[in-house]
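I opened a fresh page for this one and kept notes as I went. Here is what I looked up, in the order I got to it.

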Amino acid sequence: MQLGLAHTDRRLRRESEHAPPPWIAPPVSVIIPAYNEAVNIAATVRSIAANNHLADVEVIVVDDGSTDGTADRAEELDLPGVTVLRQENQGKPAALNAGIRAARHDVLVLLDGDTIFEPDTIGQLVQPFADGGVGAVSGNAKVGNRQGLLGRWQHLEYCAGSNLDRQILHALRCIPTVPGAVGAFRRSALTDVGGVPEHTLAEDTDLTMAVTRAGWRVAYRPEAKAWTEAPVTVPGLFRQRYRWSYGTFQAMWKHRGALLENGPMGRFGLLYLLAFHLLLPLLAPVMDLYVLYGFIVADAPLAFIVWTVFLLLQTASAGYALRLDGESLKPLWAYPLQQVVYRQLMYAVVIQSLVTALHGTQLKWMSVRRTGRLVDAPGGSVART
């Protein structure tokens with residue numbers, strides 16, 4: 001069903017290409033919240049400054065109380081159109097809202113301080129705004145540091161997971177998350193929802209759900225590519241996904257009222273998240289244990305055969321997702337091992353997040369250590385292995 005919806009979305013895009021709307025080029029304000037991003041911020045700002053957008057692009061870097069000289073690194077670039085704001089550490093939502101208040105333009109592009117844009121990313125990202133009903137646009141976030149097994153696994157997860165989800169939910173008009181790595185918003189849509197919310201750890205999901213519930217449509221533009229640095233260690237990966245998962249559960253609970261509304265978020269979005277981001281990860285380990293029991297204890301080799309066939313089908317589906325995303329199939333060799341090792345880690349993330357949420361514990365923001373490996377990446381420098 002997932003691949004069928006994604007294929008339908010791709011077919012509709014191809015059909016619309018026969019009579020594409022006029023290319024638009026509104027002036028854009030790019031807002032980069034940054035906390036201790038000294039190793040990446042220069043590459044991020046340079047990638048924005050190198051854009052080929054046909055209208056004015058102002059860049060606002062909001063340093064949220066960094067202690068590693070992030071703001072100094074951004075100012076040292078001395079690039080035209082780049083403004084650096086400094087504030088005491090208040091968190092990412094406060095930094096984003098400060099940048100929004102300072103921005104001059106009505107189209108706002110938000111990205112993280114560890115993200116690299118390609119020259120045409122901004123121009124591609126704003127095209128859905130030709131439709132006056134679109135309030136936000138999600139770009140195509142990709143893993144830039146794909147070296148090593150952990151990097152390849154995350155690359156596969158982004159393509160066969162997050163980006164595939166967006167294609168599916170774009171077809172259903174209920175995208176629940178415009179990723180922090182690459183997204184654009186109308187100022188009027190942000191005004192309708194009171195700006196970036198500060199009550200959850202997944203402010204991007206919380207904001208996107210609020211924009212949808214306010215009557216705006218959220219679009220996905222896969223041509224708007226952004227390259228982000230993924231965690232390079234297992235503990236770092238666990239902390240990041242734990243925060244994402246817990247924050248998503250917070251946002252789902254906060255917007256549970258959408259289930260009673262006659263809108264796409266309640267009809268499809270929340271139910272999709274509930275099925276594929278909560279119930280399936282909770283039930284899948286039971287299936288894995290059942291297969292192991294049947295193969296080892298109950299001497300039922302058919303269980304292993306069924307599991308192998310299921311794995312082959314998953315691998316084929318991942319391959320199709322890579323094709324939909326315009327990616328090489330070479331990393332697919334790592335997918336079966338991902339299902340045996342990496343998937344178990346993601347199960348643990350979901351289970352721990354759910355337990356934390358049920359206990360009512362307030363999880364604090366957990367930063368990920370940066371390596372600066374994207375400096376040698378995108379625009380012809382991203383490793384696309």
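**Entry 1: a nonpolar patch.** I began with the surface of this predicted model. I found a nonpolar patch there, made of Leu 259, Leu 260, Leu 271, Leu 274, Leu 279 and Leu 283. Together these leucines have about 610 Å² of accessible area. I then picked out Leu 259, which sits in the loop between α9 (234–254) and α10 (264–297). I noted Leu 259 as partly exposed, because its relative accessibility is 46% and the exposed class starts only over 50%.

**Entry 2: strand β4.** Next I turned to β4, residues 107–110. Which way do its side chains point? I saw Val 107 and Val 109 on one side, with Leu 108 and Leu 110 pointing the other way. All four are buried.

I also looked up the pairing partners of β4. With β1 (residues 28–34), β4 pairs in the parallel sense, over 4 bridges. I wrote down one bridge of this pairing: Ser 29 has Leu 108 of β4 as its partner. With β7 (residues 183–186), β4 pairs in the antiparallel sense, again over 4 bridges. Here I noted that Val 107 has Arg 186 of β7 as its bridge partner.

**Entry 3: enclosed space.** Rolling a probe the size of a water molecule over the atoms shows where empty space is left. How many cavities of 30 Å³ or more are there? I counted 1. The largest cavity holds about 110 Å³ of space.

I listed its lining next, which comes to 15 residues. Those that lie nearest the centre are Leu 96, Leu 110, Val 178, Gly 180 and Asp 204. Leu 110 was already in my notes as one of the buried residues of β4. At least two lining residues come from each of α4 (92–102), β7 and α8 (203–213). The largest share is that of α8, with 3 residues.

**Entry 4: salt bridges.** A search of the whole structure gave me 15 salt bridges. I followed up three of them.

The pair I took up to begin with was Arg 104 and Glu 58, whose closest N and O atoms are 3.1 Å apart. Arg 104 is in the loop between α4 and β4 and Glu 58 in β2 (residues 57–64), so this salt bridge ties together parts 46 residues apart in sequence. Are the two partners buried or exposed? I have Arg 104 as exposed, at 56% relative accessibility, and Glu 58 as buried, with a relative accessible area of 7%.

I went on to Glu 327 and Arg 146, whose side chains meet in a salt bridge at 3.0 Å, N to O. Glu 327 is in the loop between α11 (301–324) and α12 (335–340) and Arg 146 in the loop between β6 (134–143) and α6, so parts 181 residues apart in sequence are tied together. Glu 327 is buried, with a relative accessible area of 14%. Arg 146 is buried as well, at 1% relative accessibility. I then found both residues in a network of salt bridges that also links Lys 142 and Asp 325.

The last pair I checked was Arg 213 and Glu 261, with the closest N and O atoms 2.5 Å apart. This pair links distant parts of the chain, as Arg 213 is in α8 and Glu 261 in the loop between α9 and α10, 48 residues apart. I noted Arg 213 as partly exposed, at 31% relative accessibility. Glu 261 is partly exposed too, at 35%.

**Entry 5: a look at Glu 157.** Since Lys 142 had turned up in the network, I checked its spacing to Glu 157. Their C-alpha atoms are separated by 9.9 Å, and the two are 15 residues apart along the chain. Glu 157 lies in α6 (residues 148–171). At 22% relative accessibility, Glu 157 counts as partly exposed.

**Entry 6: backbone angles.** Most residues other than glycine have a negative phi. I therefore wrote down Asp 78, with a positive phi near 50°. Asp 78 is in the loop between α3 (70–76) and β3 (82–87), and is exposed, with a relative accessible area of 68%. I also noted Arg 173, whose phi is positive and near 60°. Arg 173 is found in the loop between α6 and β7, and its relative accessible area of 52% makes it exposed.

Note on methods: Residues numbered from 1 in each chain as written. Predicted model: local features only at pLDDT ≥ 70, side-chain atom pairs only at ≥ 80, totals over all residues. Heavy atoms only, no water. Patch = residues over 30% accessible without salt bridge, like charges linked within 9 Å, V, L, I, M, F, W, Y side chains within 5 Å. Areas by Shrake-Rupley, 256 points an atom, 1.4 Å probe, with all protein chains shown as cover. Salt bridge = Lys/Arg side-chain N within 4 Å of Asp/Glu carboxyl O. Buried < 20%, exposed > 50% of the residue type's maximum accessible area, 1.4 Å probe, protein only. Pairing = 2+ DSSP bridges. 1 Å grid on protein atoms, 1.4 Å probe; cavity = no way out; pocket = protein on both sides within 12 Å on 5 of 7 lines; lining within 4 Å. Points joined across faces, edges and corners; volume = space filled by probe spheres on them.
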